[in-house]
Amino acid sequence: MARTPLIAGNWKMNKGPEESVAFLEALLSQELPEAPDVLVCPPYISLPASAMILTGSSVLLGAQSVHWEESGAFTGEIAASMLTELGVEWAIVGHSERRALFGESDASTSQRAAAAQAAGLVAVYCLGETLEQREQGQTMQVLEQQVSAARDLNPTRLVVAYEPVWAIGTGLNATPDQAQEAHAFLRQRLATLFSDEAAAKIRILYGGSLKPSNAHDLLRLSDVDGGLIGGASLDVQSFSDIIRAAADCAAGA
Ligand code: PEP
């Protein structure tokens, strides 16, 4: 099953509207390959300016989270319909920083993803084990629990991002063997939750200190369908180098 790779940039709390526009103008001026799909996820405040710049381009636009309710007393939150009104078509949910710093859980992650999908967005569903869980041999158990919370979602609007927490922003990446093992396990679990056919189509991204120097080794793996990239997505050169590495890997180079 050939899955079009996806390279997604999670800018976190970086780049206001002006900086986002400058970055996107520079990205669009690069000669980028047709595949992979490319997604950028700026902070909410930069989405309107980013949407304007990206109109008519092939670069996709996503939010970094989304709330499950349509409207109401949820200070600081954004509804899925507010995103679609801007032309945003993707939303990250359950990023480990949301889980660790803002108390999000498997249950709220699946609620956010369900609301996103109901509004027509694609949910980028993040999961991954902590260092302590890996050291205690609990990685697969943790992944199983986290991915099982996605059971009621629509697999056709779902991308899974395996992001070992110990690799995020640390400069330490999973080895190719660790990444392939986790991705193959997740795909097998997705087949149980949905179907073999659905699981074969779901893109599973790797995230955690992905950068130009390790992109080939990780993106060429059979169950790694692209990357969710934090730090290295903030720089046009390194982000586009990763995009090119994904294109090379998809072409078998
Ligand atoms: C992330 O935040 O999703 C991430 C993978 O960050 P980094 O690439 O900086 O490790």
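**Ligand shell, nonpolar cores and selected residues**

The shell around the ligand comprises 4 nonpolar, 8 polar and 2 charged residues. The structure is a predicted model. Of the 14 residues around the ligand, those that come nearest are Lys12, Glu163, Gly169, Ser209 and Gly231. Three polar contacts to the ligand were computed at a distance of 2.8 Å. In one, an N or O atom in the side chain of histidine 95 lies 2.8 Å from an oxygen atom of the ligand. In the others the protein partner is a backbone atom: a backbone N or O atom of serine 209 is 2.8 Å from a ligand oxygen, and a backbone N or O atom of glycine 231 is also placed 2.8 Å from an oxygen atom of the ligand. On its own the ligand has 290 Å² of accessible area, of which the protein covers 95%.

Serine 209 belongs to the loop that joins strand 7 (203–207) to helix 10 (212–219). The relative accessible area of serine 209 is 14%, below the 20% cut-off, and the residue is therefore classed as buried. While a backbone atom of serine 209 faces a ligand oxygen at 2.8 Å, the side chain of serine 209 reaches the backbone oxygen of alanine 167 at 2.7 Å. Beyond four places in sequence, serine 209 touches Ala167, Gly169, Thr170, Gly171, Leu172, Asn173 and Asn214. One of these contacts, Gly169, is listed with serine 209 itself among the residues that come nearest to the ligand.

A second serine, at position 238, is located in helix 11. Serine 238 has a relative accessible area of 13% and so counts as buried, the limit being 20%. The side chain of serine 238 reaches the backbone oxygen of alanine 232 at 2.8 Å. With residues up to four places away in sequence excluded, serine 238 touches Pro212 and Ala232.

The largest nonpolar core contains 62 residues, and within it Tyr206, Leu219 and Phe239 touch the most other members. Helix 11, which spans residues 236–250, gives the most to this core, with 7 residues. Another core, of 13 residues, lies apart from it and includes Ala8, Trp90, Ile92 and Val122. In soluble globular proteins, nonpolar side chains tend to be buried together. Outside its neighbours within four places in sequence, tyrosine 206 is in contact with Tyr162, Pro164, Ala167, Asn173, Ala174, Ala179, His183, Leu218, Val224, Gly226, Gly227 and Leu228. Ala167 and Asn173 appear in this set and also in the contacts of serine 209.

Two further residues were examined outside the buried class. Glutamate 34 is situated in the loop between helix 1 (17–28) and strand 2 (37–41). The relative accessibility of glutamate 34 is 84%, over the 50% limit, so this residue counts as exposed. Between glutamate 34 and serine 233 the sequence separation is 199 residues, and the C-alpha to C-alpha distance is 18 Å. Alanine 22 forms part of helix 1. Because its relative accessible area of 44% falls between the limits of 20% and 50%, alanine 22 is partly exposed. Alanine 22 and serine 213 are 191 residues apart along the chain, with 25 Å between their C-alpha atoms.

Key: Residues are numbered from 1 along each chain as its sequence is written. This is a predicted model: local features need pLDDT of at least 70, side-chain atom pairs count only at pLDDT 80 or more; totals for chains, interfaces and linings use all residues. Side-chain values use heavy atoms; hydrogens and water are left out. A nonpolar core is a set of buried Ala, Val, Leu, Ile, Met, Phe, Trp, Tyr and Cys residues joined through side-chain atoms within 4.5 Å. Buried means under 20% relative accessible area, exposed over 50%, partly exposed in between (1.4 Å probe, protein chains only). Helices (H or I, at least four residues) and strands (E, at least two) are DSSP runs, numbered from the N terminus. Contact means heavy atoms within 4.5 Å. A residue is near a molecule or strand if one of its heavy atoms lies within 4 Å of it. A polar contact is a pair of N or O atoms within 3.5 Å; within protein, one must be able to donate a hydrogen and the other to accept it, and residues adjacent in sequence count only if both atoms are side-chain atoms. Accessible areas come from the Shrake-Rupley method with a 1.4 Å probe; for residues, only the protein chains shown count as cover. Ala, Val, Leu, Ile, Met, Phe, Trp, Tyr, Cys and Pro count as nonpolar, Asp, Glu, Lys and Arg as charged, and the others, Gly among them, as polar.
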